[in-house]
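Please take a moment with the sequence and the model that follow, and keep both at hand while reading. The paragraphs after them go step by step through a few parts of the fold and its ligand.

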Amino acid sequence: MGKIVIIGCGGVASVAIQKCAGNAEIFEEICIASRTREKCDALKEKLEGHTKAVITTARVDADKREEVVALLRKEQPQAVLNLALPYQDLIIMEACLECGVHYIDTANYEAEDTMDPTWREVYEKRCKEAGFTAYFDYSWQWAFRERYREAGLTALLGSGFDPGVTGVFSAYALKHYFDEIHYIDILDCNGGDHGYPFATNFNPEINLREVSANGSYWENGHWVETKPMEIKREYDFDRVGKKDMYLLHHEEIESLAQNIPGIKRIRFFMTFGQSYLTHMKCLENVGMLSTVPVLYEGREIVPIQFLKALLPDPASLGPRTVGKTNIGCIYTGVKDGKEKSIYIYNVCDHQDCYREVGSQAISYTTGVPAMIGAMLVMNGTWKKPGVYNVEEFDPDPFMEALNRFGLPWVVEENPVMVD
Ligand code: NDP
């Protein structure tokens with residue numbers, strides 16, 4: 001079918017690359033690129049002899065548009081799968097436009113320097129107008145809609161698990177189970193244990209910024225903001241058991257609020273153990289989660305980046321993590337005039353993922369849908385000029401692919417509700 005450039009070679013990218021390599025009919029050529037070429041080469045080595053796809057590597061700093069443009073001009077791919085950090089989204093989207101290449105990512109744009117005055121001005125205006133204070137929102141990427149449409153290119157935003165599969169589940173529920181959906185609760189449960197007192201399952205900087213921020217949910221046409229971890233519930237998850245979960249702001253709430261007609265409320269809950277929360281609070285209290293550089297012995301360091309260097313690399317958690325994840329959505333709405341509720345979810349086992357691809361389930365549950373999104377854009381099934389979130393496409397081919405590529409899902413009627 002064609003060639004893809006994958007930017008990033010971290011935990012999520014490692015899974016997506018292996019899944020692309022296992023699907024060589026679509027991904028005939030794969031170029032892996034990041035700032036550290038040796039890491040890309042190591043992935044290439046791992047795959048050689050196990051795939052029909054031609055794998056190449058390159059060095060690129062995706063903070064520099066000219067470097068991404070040069071890479072795309074040289075490689076001439078059909079699509080870029082952006083699995084670097086949310087900070088690089090806008091530059092990679094610009095470069096794709098300039099080179100006539102489709103774009104897929106798993107996380108929406110976030111500013112790396114939240115003290116930058118130009119960014120701050122837009123951010124503060126948005127906080128006032130939209131009513132939520134997260135450092136990320138879709139406005140920056142949705143602003144590319146017209147230009148992608150005119151260029152005849154597809155940008156598929158948020159094709160991970162959450163965002164990603166949660167949006168596809170929503171489109172599927174609406175298509176097959178409801179005339180109208182009124183309430184969505186997204187429940188992200190990680191029942192895994194890696195044995196460390198404190199570690200994050202994906203990029204620590206992105207993870208800790210997300211978790212330490214204010215929570216928020218969508219209700220009756222507007223955002224309701226909460227203090228961090230203010231709303232707590234307990235839920236008994238299939239194949240995991242009872243866990244405490246906390247309401248967070250999460251990016252798919254923003255797109256689902258626009259794309260699910262008649263929606264009244266959308267909430268997002270994530271499970272955390274007490275040890276994680278106590279460590280995080282302590283690190284926050286001493287300033288270790290700050291993104292503002294401090295001068296240390298004549299050198300500027302960013303506290304959260306220094307913390308990242310101390311914490312276990314998420315990619316190294318694979319062999320030691322046991323247990324399962326259970327991620328899904330509970331929907332309540334009406335069908336033929338009657339109220340009903342369903343729960344669509346996937347259960348994924350950390351050790352099964354490790355045996356298959358050498359990674360834990362958080363990277364797996366993100367990397368597999370990233371490959372599927374890229375596949376559907378590359379093979380034309382989800383090719384539509386413009387910038388789209390996953391729930392704006394027909395969910396059926398994605399749902400079928402989830403079953404086929406390792407993330408089978410179940411639909412449970414009349415689930416236990418979250419109060
Ligand atoms: P990692 O930190 O493990 O990997 C990030 C990768 O990005 C590294 O390989 C790094 O390589 C590369 N990178 C960073 N900066 C640049 C740059 N300037 N230019 C080129 N490459 C760069 O992160 P994860 O794999 O855990 O996460 C990847 C993405 O997936 C993140 O955006 C994260 O938010 C998202 N995610 C989405 C989820 C979802 O469900 N939707 C869930 C989990 C994660 P190098 O240092 O060599 O440049």
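Which residue in β17 is the bridge partner of Ala155? In this model, which is predicted rather than determined by experiment, the partner of Ala155 is Val387. That pair belongs to the join between strand β6, which covers residues 154–157, and β17, where four bridges link the two strands and both run parallel.

From this pair one can step out to the whole sheet. Strands of a sheet pair through backbone hydrogen bonds, either parallel or antiparallel. Here the sheet is open and has seven strands, with parallel pairing, and reading across it gives the order β3-β2-β1-β4-β5-β6-β17. At its edges are β3, residues 54–59, and β17, residues 386–389, each of which pairs on one side only. From one strand to the next, the twist averages 20°. Helix α4, formed by residues 89–99, packs on this sheet and touches β1 (2–7), β4 (79–82), β5 (102–105), β6 and β17, while the direction of the helix makes about 160° with that of β5.

The next place to look is the ligand, which has 30 residues around it, and those that come nearest are Cys9, Ser34, Arg35, Thr36 and Asn203. Sorted by class, this shell has 14 nonpolar, ten polar and six charged residues. In the side chain of Ser34, an N or O atom is 2.7 Å from an oxygen atom of the ligand, and a side-chain N or O atom of Asn203 likewise lies 2.7 Å from a ligand oxygen. With Ala62 it is the backbone that takes part, since one of its N or O atoms is 2.8 Å from a nitrogen atom of the ligand. Taken alone, the ligand exposes 920 Å², and the protein buries 92% of that area.

Some details of the backbone remain, and they are found outside the strands named so far. Between β6 and α8, the helix of residues 165–176, there is a loop that holds Pro163, and the peptide bond leading from Asp162 to Pro163 is cis, with omega near 10°. Further along the chain, Arg239 sits in the loop that connects β10 (232–237) with β11 (241–247), and although Arg239 is a residue other than glycine, its phi is positive, near 60°. A positive phi is also found at Asn414, again a residue other than glycine, with a value near 50°; Asn414 is placed in the segment after β18, the strand of residues 409–413.

Key
Residues numbered from 1 in each chain as written. Predicted model: local features only at pLDDT ≥ 70, side-chain atom pairs only at ≥ 80, totals over all residues. Heavy atoms only, no water. Near = heavy atom within 4 Å. Polar contact = N/O pair within 3.5 Å; in protein donor to acceptor, adjacent residues only side chain to side chain. Areas by Shrake-Rupley, 256 points an atom, 1.4 Å probe, with all protein chains shown as cover. Nonpolar A, V, L, I, M, F, W, Y, C, P; charged D, E, K, R; others polar. Pairing = 2+ DSSP bridges. Axes fitted to C-alpha atoms, helices over the stretch in contact; angles between N-to-C directions. Contact = heavy atoms within 4.5 Å.
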